[in-house]
Amino acid sequence: MTVQTSSRSGGGYLTRPAPSGLADVLEIILDKGIVIDAYVRVSLVGIELLTIDARIVIASVDTYLRFAEATNRLDLYEHGGKDLGEMVGDLQSSGASGKVEGVVSGVKKAIGRGDEDDDDDDDSGERRPRKKATSSRRRAESR
Amino acid sequence: MTTPSHRGAEVAPDPGDRGLFVYAVVPSDLEPPEDLHGLDDAPLALVRHGRIAAVVSDMALVRPPGRRADLTAYTQVVETLASAGPVAPVQFGAVALGEELLNEDLLAPAENDLAAVLETLRGRVQYNLRASYVEDVVLAEVVSADPTIRALRERTRLVPDDAARADKLRLGELVTAALEDKGAADAGMVLDTVLPLVEEHVVRPSSPENPLDVALLVAEDRQDEFVDRLEELAEVVHERMRLRLVGPLPGYDFTGGTAWAS
């Protein structure tokens, strides 16, 4: 049941990451599985904080301003804003040229950063959630 | 390893008290690999009841909390067991105060339900699928489709950051709503494409940037077809949407609730 690390033969457009960091593992297992009521729980204070932050679905003034700024930054001459139908047409007429680079690599950066080499640390203390001020365009992808 | 003590849950643990960390429920005829160890490198044991069994290991009740190594050990055990047969993971962190209590609290009352869950999971694996927008492309779609958004954008884009705040908020609000509408349609399109190849699914909360986040239960012998279908779809949509697939995984999202109650 080891997670595959690479895509099968094919276009390679489908991103297939191997979960490795703490954030990846948390995303997979947190709040999942059989719950046994009232059982002793191993304390996970630090991990819970981290994850609550990661799960925030932004729906606030901050979000609106972020999208307003992103919209204002757009270069509409560069990005034509095609719809899916047009794109399918393009692919059929021109062939699928040019693979996409830079797949969703930012997804885990927000909360996975710095968790790679502290296997024996107690996670309850120093691992603070990201501060609101650090909200970036990638933040919401991390939930 | 000492024998786990049998105590009521109301008794606060003392240093030296032991408990049973519970990893998962499996069919009672499963034998865990001997070289597979759990938290604190403890050997695994099975607590059997009828058709089902809990996979446990002995642990000190008083110990440092929530270490990353604990998560790793837990996932390792669950994944290894899943490679041998159906596994219903128990939520990370559950500790039973002895075999008798584990029998009373979980295995006896839930035997029928959990046996059914295990049958649902047999021969199937979980994949987590997430769709993410290529932001600039999709925002350009939103701008070109809505004259109000276009006008607000023209009015606000060349003024300083802190000016025209009301207009910017309105713009952002409209853009967010448009993204959510678009996201609902795109999520439906992705689901329509993959669900014919999927046995069960659980949709998780989405966001304007990630219009779809879903756990999918896929038959082992349909995995190639499923991945190929997604690969084709990813190629078609990649200019505006990226698809990210994690798996195969144990069926963490399919241990109860709608997956087996329906």
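In this predicted model, helix H3 of chain A meets helix H5 of chain B through A:Val61, A:Thr63, A:Tyr64, A:Leu65, A:Arg66, A:Phe67, A:Ala68 and A:Thr71 on one side. On the other side stand B:Lys168, B:Leu169, B:Leu171, B:Gly172, B:Glu173, B:Val175 and B:Thr176. The residues of this contact divide into eight nonpolar, four polar and three charged. For the complex, the predictor gives an ipTM of 0.76 and a pTM of 0.72.

**Helix packing between chains A and B**
- H3(A) covers residues 61-73, and its axis comes within 7 Å of the axis of H5(B).
- The two axes cross at roughly 90°.
- H3(A) and H5(B) are therefore roughly perpendicular to each other.

**Helix packing inside chain B**
- H5(B), residues 165-194, also packs with H3(B), residues 135-145; their axes come within 10 Å.
- The crossing angle here is roughly 105°.
- That value falls in the range of 65 to 115 degrees, so H3(B) and H5(B) are roughly perpendicular to each other.
- H3(B) contributes B:Val138, B:Leu139 and B:Val142.
- H5(B) answers with B:Val175, B:Ala178, B:Leu179 and B:Lys182.
- By class, this contact has six nonpolar residues, no polar ones and one charged.
- B:Val175 is listed in the contact with H3(B) and also in the contact with H3(A).

**Sheet in chain B**
- Four strands of chain B form an open sheet in the order S7-S8-S6-S9.
- The pairing is antiparallel.
- S7 (200-203) and S9 (241-249) of chain B stand at the edges, each with a single partner strand, so one side of each has no neighbour in the sheet.
- From one strand to the next, the twist averages 20°.
- S6(B), residues 124-133, is joined to S9(B) by seven bridges.
- B:Leu129 stands opposite B:Leu245 in S9(B).

**Domains of chain B**
- Chain B is divided into domain 1 (18-122) and domain 2 (125-261).
- Their C-alpha centres lie 35 Å apart.
- The contact between them takes 11 residues from domain 1 and eight residues from domain 2.
- On the domain 1 side, helix H1 (68-82), strand S4 (88-89) and helix H2 (99-121) of chain B each supply at least two residues.
- H2(B) gives the most to that side, with five residues.
- The residues of that side divide into eight nonpolar, one polar and two charged.

**Backbone exceptions in chain B**
- Most residues other than glycine have a negative phi, and most peptide bonds are trans.
- The peptide bond from B:Gly247 to B:Pro248 is cis, with omega near 5°.
- B:Pro248 is found in S9(B), an edge strand of the sheet.
- B:Asp40 is not a glycine, yet has a positive phi of about 60°.
- B:Asp40 is found in the loop between strand S1 (18-27) and strand S2 (44-49) of chain B.

**Confidence in chain B**
- The mean pLDDT of chain B is 88, and 90% of its residues reach 70 or more.
- Residues 1-10 of chain B have pLDDT below 50; beyond near neighbours in sequence, this stretch has 19 contacts in the model.
- Residues 258-262 of chain B also have pLDDT below 50, with eight contacts beyond near neighbours in sequence.
- Where pLDDT is low, the predicted coordinates should not be read in detail.

Conventions:
Residues are numbered from 1 along each chain as its sequence is written. Chains are lettered from A and ligands numbered from 1 in the order in which they are written. This is a predicted model: local features need pLDDT of at least 70, side-chain atom pairs count only at pLDDT 80 or more; totals for chains, interfaces and linings use all residues. pLDDT is the predictor's confidence in each residue, from 0 to 100. Two residues are in contact if their C-beta atoms, placed from the backbone, lie within 7 Å. Two strands pair if DSSP finds at least two bridges between them. Axes are lines fitted to C-alpha atoms, for helices over the stretch in contact, and angles run from 0 to 180 degrees between N-to-C directions. Angles under 35 degrees count as roughly parallel, over 145 as roughly antiparallel, 65 to 115 as roughly perpendicular and the rest as oblique. Ala, Val, Leu, Ile, Met, Phe, Trp, Tyr, Cys and Pro count as nonpolar, Asp, Glu, Lys and Arg as charged, and the others, Gly among them, as polar. Domain bounds come from an automatic or database domain assignment.
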